[in-house]
Amino acid sequence: NRVAGADPAVSLRMIGRAIRISPRDPRSHRWFHYAGWCHWKLGEFGKMEAAAHSAIELYSDAPAQWIELTCALGLQGKTVEAKAAAKALMKLSPAFTPDRFFEIARQFYGTRFAGPVKADYKALCSTLQRAM
């Protein structure tokens with residue numbers, strides 16, 4: 001998303017092109033993961049869920065993909081499924097907490113974390129907390 005000037009729609013087009021050009025790339029699970037977060041920014045939570053499932057199908061041991069799936073399900077009000085995804089996440093990363101997720105995002109974004117970005121991550125953390 002940062003590569004495409006913070007425009008998630010442009011990022012999705014670039015990601016789609018990368019997947020078509022190199023569908024057997026061993027890192028393709030990351031493309032689906034990034035696509036999922038683009039869908040989140042666009043408010044397309046069903047598509048976010050589908051992208052997270054695709055990423056997990058390719059590489060199920062990455063906690064980040066389970067975080068994304070938990071958020072996608074929770075944002076759609078799929079409480080039972082979100083709790084199941086959070087349980088899988090905790091098996092992979094027992095030390096995971098929504099607060100730590102927030103802190104990692106704060107560090108990553110630095111000075112850009114204020115305002116809407118911070119509000120977005122607070123909402124994600126609330127979604128994660130409800131699922132855990």
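In these legends, two residues are in contact when heavy atoms of one lie within 4.5 Å of heavy atoms of the other. Keep that in mind whenever a helix is said to be covered by something. Also keep in mind that this is a predicted model.

**Figure 1. The whole chain is built from helices.** The secondary structure comes to seven helices and zero strands, so if you read along the sequence you simply get α-α-α-α-α-α-α. Take the C-alpha atoms along the principal axes, and they fill a box of roughly 40 × 35 × 25 Å. How does the radius of gyration fit with a compact globule? A compact globule of 132 residues would have a value near 14 Å, and the chain has 14 Å, which agrees. Of the 132 residues, 38% count as buried. Now look at contacts with a separation of 6 or more: 52% of these are between residues 24 or more positions apart.

**Figure 2. Helix H6 turns its buried residues to one face.** H6 runs over residues 98-109, which makes 12 residues. From its first C-alpha to its last it reaches 17 Å, close to the 16 Å expected at 1.5 Å a residue. Which residues of H6 are buried? They are Pro98, Phe101, Phe102 and Ala105. Seen down the axis of H6, these buried residues fall within an arc of 100 degrees, so they line one face of the helix. Helix H4 (63-75) and helix H7 (116-131) are among what covers them. Just after H6 comes Gly110, with a positive phi of about 60 degrees.

**Figure 3. Helix H4 has other helices covering its buried residues.** H4 has 13 residues, and its reach from first C-alpha to last is 18 Å, close to the 18 Å expected at 1.5 Å a residue. Its buried residues are Gln65, Trp66, Ile67, Glu68, Leu69, Thr70, Cys71, Ala72 and Leu73. What covers them includes H2, helix H3 (45-58), helix H5 (79-92), H6 and H7. So H6 turns up on the list for H4, just as H4 turns up on the list for H6. After H4 you'll find Gly77, whose phi is positive, near 80 degrees.

**Figure 4. Helix H2 carries a string of buried residues.** This helix has 14 residues and reaches 20 Å from its first C-alpha to its last, close to the 20 Å expected at 1.5 Å a residue. Ser28, His29, His33, Ala35, Gly36, Trp37, Cys38, His39 and Trp40 are buried here. Helix H1 (8-21), H3, H4 and H7 are among what covers them. Just after H2, Gly43 takes a positive phi of about 75 degrees.

**Figure 5. Ala35 sits in helix H2.** Is Ala35 buried or exposed? Buried is the word for anything under 20% relative accessible area, and Ala35 has 8% relative accessibility, so Ala35 counts as buried. Leave aside its neighbours within four places in sequence, and Ala35 is in contact with Leu12, Ile15 and Ala51. Check out Ala50 too: Ala35 and Ala50 are 15 residues apart in sequence, and their C-alpha atoms are 9.7 Å apart in space.

**Figure 6. Aromatic rings pair up and link into a cluster.** A search of the whole structure finds 10 aromatic pairs. One of them joins Trp37 and Trp40, edge-to-face, at 5.4 Å centre to centre with 90 degrees between the planes. Why are these two about one helical turn apart? Because they are three residues apart in helix H2 (residues 28-41). Trp37 counts as buried at 17% relative accessibility, and Trp40 counts as buried at 13%. Phe108 and Tyr109 make another pair: their ring centres are 5.2 Å apart and their planes are at 90 degrees, so this pair is edge-to-face. Phe108 is partly exposed, with a relative accessible area of 44%. Ring pairs link Trp37, Trp40, Phe96, Phe101, Phe102, Phe108, Tyr109, Phe113 and Tyr121 into a cluster.

**Figure 7. A lysine lies over the face of a tryptophan ring.** Here Lys41 lies over the face of Trp40, at 5.1 Å from the ring centre. Trp40 is the residue you met in Figure 6, where its ring pairs edge-to-face with that of Trp37.

Definitions and conventions: Residues numbered from 1 in each chain as written. Predicted model: local features only at pLDDT ≥ 70, side-chain atom pairs only at ≥ 80, totals over all residues. Heavy atoms only, no water. Helix = DSSP H or I, 4+ residues; strand = E, 2+ residues; numbered from the N terminus. Expected span 1.5 Å × (residues − 1). Buried < 20%, exposed > 50% of the residue type's maximum accessible area, 1.4 Å probe, protein only. Arc of directions from axis to C-beta. Phe/Tyr/Trp six-rings, centres within 6.5 Å; stacked < 30°, edge-to-face > 60°. Lys NZ or Arg CZ within 6 Å of the ring centre and 35° of its normal. Rg over C-alpha atoms; globule rule 2.2 N^0.38 Å.
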